[in-house]
Amino acid sequence: MADLAKIVALCKRRGFIFQSSDVYGGLSSVFDYGPMGAELKRNIKNAWWKSNIHDRSDIYGFDSAILMHPAVWKSSGHVDGFTDPLVDCKACKRRVRQDQLKNLKGSIGECPECNAKIDLKDTPPRMFNLMLKTFLGPVEESASVCYLRPETAQGMFVNFSNVLDSMHPKLPFGIAQIGKSFRNEVTVGNFIFRMREFEQMEIEYFVDPKEDEKIHQKWIEDRFNWYIELGINKDNLRKRAHEKDELAHYAKACTDIEYNFSFGWSELEGIANRQDFDLKEHVKGSGKDFSYFNEKTKEKFLPHIIEPSGGVDRSVLAFLFDAYKEEEVNLKPRVVLGLNKRLAPVKAAVLPLLKNRPEIVEMAKRITSDLKKHFYVVYDDTAAIGKLYRRQDEIGTPYCITVDVQSLEDKQVTIRERDTMKQQRISADNVLEYLTKEGGF
Ligand SMILES: [Zn+2]
């Protein structure tokens, strides 16, 4: 398995991910997606949107605002309960999470940063809310406080009636969205695994309470298989059901899908049975009726919610880890990203063997623009062919198409496949058909 440092280096070298504001020394645990990372991330989100919304007829896409009425976060429990107990270390002046003190016995533990002794009797833990606060309007006063959402879910819960009244779905049905969320985490790290600004892919699936357990199990299977279908090695993925004492107070059950990163098994997605907690709290907070009427049985009730909630950035990291390979080819090392072809940032690269021969360049550019009508293809003549191949291998480009002197005469090009490095000559006119068939683009 690749170690994290190699993935981070590849991401910088090949334009996937950069430290935010790095010319100013960087902003801790915030990252920017570069040209290749933006494509990879978009392809992952598109695959999720297709399989959960467009391929089904029971889930609607959604796109709620990041800013919401502060009362939402009161009802959801985030204002009072979304907190970590923190302790100040007098020695190194850092603020650390109480549960991360080392060798905690009774009230005495050690600072995880500097190992100094901390006595909780002298420095009692203080509750610290993880929501990022901002102010709406020109006056910075408590009446104008707003939060950057810590999850996308609430935007869908509070719109339950709007979707019900405008789309008229029957249970079970879902609302799904992809969007940014923010948490002022004290402990961040492992590259893009835990960040303060991150992106979620969440589905709120509303069910009849009598069917919740069966549907929950189905979602666990479906979401697990989604990662496998997109190329994650089954041995690196597992399901882990939460223990009773680990469950959030509103959840009846929750299963995480975890990936075996170099830093240990870690959560990519949680699939929770939230029961009617969320709708019930918003009924209480807003005074509005969120109930569903079953016309067949004439029953009126609050639907229960099954929530598959995944992290986009964590998925990006898992797909990168899983695809990263180092090989030896002709006694030279080769790094290749064996990404699923659907996820690969660039589907094909067109490379002229000689960039000082105008006829070759022209033919290569013509092939590029023809292919571009169908999928993302790049033209590259900025290095010798060996270097260009290496660059595309590290990006995970499934196919390279090379135009050479011979091509001018026989109108054929060389297609090289990423994983096998097999090369074959085919007619330039058949390149699109070949890529569509072999690549499935
Ligand atoms: Zn310390």
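**Exercise 1. Which residues does UniProt list for "domain: Aminoacyl-transfer RNA synthetases class-II family profile"?**

Solution. The unreviewed UniProt entry lists residues 3-333. UniProt positions follow the numbering used here, feature names are shortened, and annotations may be inferred rather than shown by experiment. Residues are numbered from 1 along each chain as its sequence is written. The model is predicted: local features need pLDDT of at least 70, side-chain atom pairs count only at pLDDT 80 or more, and totals for chains, interfaces and linings use all residues. The end C-alpha atoms of residues 3-333 lie 16 Å apart. The span is 28% helix and 33% strand. Helices (H or I, at least four residues) and strands (E, at least two) are DSSP runs, numbered from the N terminus.

**Exercise 2. Place the annotated "binding site", then classify Glu151 and Phe198 as buried or exposed.**

Solution. Step one: the annotation, from an unreviewed UniProt entry, covers residues including Arg97, Glu151, Phe198, Gln200 and Gly311. The annotated residues spread over 215 residues of sequence and, in space, up to 27.8 Å between C-alpha atoms.

Step two: apply the burial rule. A residue is buried if 20 or more other C-beta atoms lie within 10 Å of its own, exposed if 12 or fewer, and partly exposed in between; C-beta atoms are placed from the backbone. Glu151 has 18 C-beta neighbours inside 10 Å, so Glu151 counts as partly exposed. Phe198 has 20 and therefore counts as buried.

Step three: locate both. Glu151 lies in the loop between β11 (145-148) and α5 (153-157). Phe198 lies in strand β13 (residues 197-207).

Step four: list contacts (C-beta atoms, placed from the backbone, within 7 Å). Neighbours within four places in sequence are left aside. Glu151 is in contact with Ser181 and Gln200. Phe198 is in contact with Ser181, Gly311 and Asp313.

**Exercise 3. What is the strand order in the open sheet of seven strands, and which strands are at the edges?**

Solution. The order is β3-β12-β13-β19-β16-β15-β14, with mixed pairing. Two strands pair if DSSP finds at least two bridges between them. The edge strands are β3 (59-62) and β14 (237-241), each pairing on one side only. From one strand to the next, the twist averages 20°. β14 pairs with strand β15 (residues 253-261) in the antiparallel sense, over five bridges. In this pair, Lys239 stands opposite Ile257 in β15. Helix α2 (residues 35-54) packs on the sheet and touches β3, β12 (173-182) and β13. The direction of α2 makes about 160° with that of β12. Axes are lines fitted to C-alpha atoms, for helices over the stretch in contact, and angles run from 0 to 180 degrees between N-to-C directions.

**Exercise 4. Which residues touch the most other members of the largest nonpolar core?**

Solution. A nonpolar core is a set of buried Ala, Val, Leu, Ile, Met, Phe, Trp, Tyr and Cys residues joined through C-beta atoms within 7 Å. Among the 86 residues of the largest core, Ala348 and Ile401 touch the most other members. Helix α9 (residues 312-323) gives the most to this core, with eight residues. The core draws at least three residues from each of domain 1 (4-65 + 151-321) and domain 3 (346-439). Domain bounds come from an automatic or database domain assignment. Not counting residues up to four places away in sequence, Ile401 touches residues including Ala348, Val350 and Val431. A second, separate core of six residues includes Val87 and Ile118.

How values were computed: Contact = placed C-beta atoms within 7 Å.
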